[in-house]
Structure formats: C-alpha cells, structure tokens
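Me: Could you take a close look at the largest cavity for me, and then go over the aromatic pairs as well?

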Amino acid sequence: MVVKLADVFKVDTGHQRIDSVHIRSNMARLGRIGIFVKGIDRFLVNLKRHHPIVYGRIDGELIQRYQGEKARQCFAGVKPSESKRVLSDVADDLYRLATQFAANRQVADMHSYKLLCRIVKDQLDVHDDGTIEVKAPKQIPSDSLQNPSDPDATYSGHKGQGYQVQIMETYSEHEDGAKDPGQLNLITYVEVGPACQSDAQALLPAIETTLETGLAPEQVQADSLYGSDENCQQAAELGVEVISPKMGVEKSESGSLSAFQFLSSGHVDKCPAGHEPALRKKKKDRYTQGFEIDLCEKCLLVSDCVVKRKAKFFCLNYTEKNLRIAKRRQYERSEEFRQKYRWRAGVEATMSQYDRLTGVKRLRVRGRKAVHYAAVMKATALNIMRAVAARQARMRASGAETDRNQGVCRVFRLFKERIGGIFRSMAGWAARKLALRTYAHNAV
C-alpha cells in the first residue's frame, strides 16, 4: 500500500523525519500485589482446567485466598499500612507454587506457569538458604512482566506501561514555510517495540527497512535520542545523513572542545582566545595539541578551558569521536542548522493526528503481534486519508472534474468522514480489514 501510494503520488522520499509515540494495549494498570495475585489466579485456573488431579494436591487455604472474584477484591482493597505485609505473604505463596511444580514437566510447560516463574525472576531475590525477599522498586528491570494478561508489554520510566511505536514519514521543504496542499506526506515506516527500548536503537532498523522497500531517505531528521555518534556514522555508511542535535549540554561555550577552531586535518587551528598551538601531534585516532605556557597562564579563559598543564605545554587531548561531536555542536549553533532542523517539528502534528483520528494510544487488543497489526493498519488508514486530501487539492487546483473524478471524490470524502469512527468502533479484525480493503479498492 505505501509503495503504491508513493508511486501514484510521485512522493519524494529523500527527506524524512522520525519520532515515537507511547501506546497502551487493553490491559489494566496493576501494582506489584496485583501482578502477583493475577499471576497466581491465572495459573490456578489453567491448572484446574488441564490437570485437575495435580490441582487437588495444592493447599486448600491457598486456593481459597486466590480463587474467585471475592478473593481478588480482597487484595484490591489492601490498606497502604498493610501493603508491605500483604506483598510479602503473596510473594511467599507465589514462590511456593513455582517451586512445588518445578519438577513436573507437564505443569512446567504451561504458559501460565512460565509467567509465574518470570514474576519470581523479575520481582524476588531468592537466597541460598531458600528464603526470599521482595526486590526494591529500583532493582526491578524495565522489561519485567507488567500484567499477566499482556506478557509482551514493558515499562518506560517516563511514560509507564505499554509499547512504543516508531513512525517515519516524508516531508517537503518550502522556502516560504507554506505547505503545498497537493503534496502527500507519507508514513513510510511503522514498527512496534517494547516501551523500555531507547529511541537510539530504532533509527538504523527504520533506515534498513525503507532501503528494502525502496523508500529510503537521503536525509532523516530526529531528536537528540536518535542522533548518537554511532547512529550517525552507521547511517552515513548506508548513504543517509542524520540531522539531529547532540544529546547533553556543554558546561560552557568557551570551556569546551567545540569552542576551538579546527583545520581540515583535524588539528586545532586556534583556541577560543585566538592562539595557535605550538605542538600538533596525532597517533592513531588520538590528537594532542600543545599551547605555550606563557600564553595560557596570562589568558583570561584558562580557568574554564579544557587544556591541562603538562611539563612543557598546556595540552589538549581528544579523539576522532570527540572531534566529530565538537564539529556537530558548532554546526548546531549555525543558522543553517536551525533552518534545516525546523522541519522536524512537523512530525509532532503527525503523532497528534495518528492518535486523534485512529485512537492508537488506547488499543482494544493485547499482545505484541495484535498491537503491531493494529498500529500498522491505523497508520495505513492515515496514509489513505492524507492521499484523499492531496488528491482533492490537486483536482481543485486543476479545475477539471470529470464525472468519474466526481465519483472518486465522493468515495474519498466518505472515507475521510468515516474512517476515524470505523477504526474506533469496529471490534473484530475481519470487519476492520474488510472495511479498509473496500474503501481502498473503491478509492483506487
């Protein structure tokens, strides 16, 4: 679908921008007690269904605590003053169940039992003497189980439980800043990943995927998380320029490596005070620049400068990577970079549209496979809606609407008016897929 739209509308994929959005599947937000209780309850239900004889060997008091709606409601109403004691008791029951059936191969192969063991691994410290201790919140990994109903969901310290969707789209630069309504900004890449994954790990897969589909960019704009030095270097090897500010803030402009002027060879031309080095050396990827002691001692900037006094010189040492980062910071302060990078802000409007028109942030499905399918379908719907708007704008500009074009316009208009409601209200995958195919077929 994306390749077809790019071909029909002659979309220029040379300039693209990438960003991510946090989404949630259809799962409840559970605390630690809730995760423990839900895991135990699910295991007991499945064990009773598939292995009733083994289920009968479990302590009756433990079953009464966790089976049934009233039992779950008891744990939901735990007072804050009692939460630590209840958490310890539930952890003991959880560990007891996990160890009781560890040697039973049939039970150990059950999915609900594996989830039980995962909770033990994520949330508990098991000591050599057999005692257990609940981990401190800071010790729990971000990819720990958030809800047994959706084992694929992970945790982001900034945005909470759920998934992360990476979106890359095309854009066009205009000198006057006005967007051509007939120009189609096309989403070329959609990928769902764990919420705990950094955006830094998403750039190269996006570029490689668009290379395979023939929609690869020549230039990608992204925020600082995507623009690590490693990403920029590897993207350049793939023929893609990354326009992104360097992450982090320098302590001062005059007291940093980017305050120096460099020659094309990588050596320092002049220091922030305007002095040339008396010594220039390079060994492998490491540069050493030496400045006269008399000049540096009298310099007013020496207290903030990055040079260090040695026996014969005030020395400045840096590597190839330090040099690349310094040159990037210099470029970021230029007007040319500001004029280029201002186009990245447009991806925020796309994320807002992606949420408002399709409701992607609150999905009605669980599991990474279903979440990925829903996210891709919703992005496809957004692409079609944009294609509708672009085609209508081109037809209005041409002033030539034949009867056939008017019919196509009516289909496009109907699709544009109803697509948002369709993707929010349809519950079944089959109905949603049929609706998209029908509208897409009529539109083309």
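Reply: Sure, starting with the walls: the largest cavity is lined by Cys 271, Pro 272, Ala 273, His 275, Phe 291, Leu 295, Cys 296, Cys 299, Leu 301, Val 302, Cys 305 and Val 307. This is a predicted model, where local features need pLDDT of at least 70 and side-chain atom pairs 80 or more, while totals for chains, interfaces and linings use all residues. Numbering runs from 1 along each chain as its sequence is written, and side-chain values use heavy atoms, with hydrogens and water left out.

A cavity here is a set of points on a 1 Å grid over the protein atoms alone where a 1.4 Å probe fits but cannot get out, and lining residues have an atom within 4 Å of a point. The structure has one cavity of 30 Å³ or more, and the largest has a volume of about 120 Å³, meaning the space filled by probe spheres set on the grid points, which are joined across faces, edges and corners. Its lining counts 11 nonpolar residues, one polar and no charged; Ala, Val, Leu, Ile, Met, Phe, Trp, Tyr, Cys and Pro count as nonpolar, Asp, Glu, Lys and Arg as charged, and the others, Gly among them, as polar.

On to the rings: there are seven aromatic pairs (Phe, Tyr or Trp six-membered ring centres within 6.5 Å; stacked under 30 degrees between planes, edge-to-face over 60, the rest tilted). One of them, Phe 262 with Tyr 318, is edge-to-face at 5.8 Å centre to centre and 75 degrees. Both Phe 262 and Tyr 318 are buried (under 20% relative accessible area, 1.4 Å probe, protein chains only). Phe 337 and Tyr 341 are stacked, because their centres lie 5.3 Å apart with planes at 10 degrees.

Conventions:
Buried < 20%, exposed > 50% of the residue type's maximum accessible area, 1.4 Å probe, protein only. 1 Å grid on protein atoms, 1.4 Å probe; cavity = no way out; pocket = protein on both sides within 12 Å on 5 of 7 lines; lining within 4 Å.
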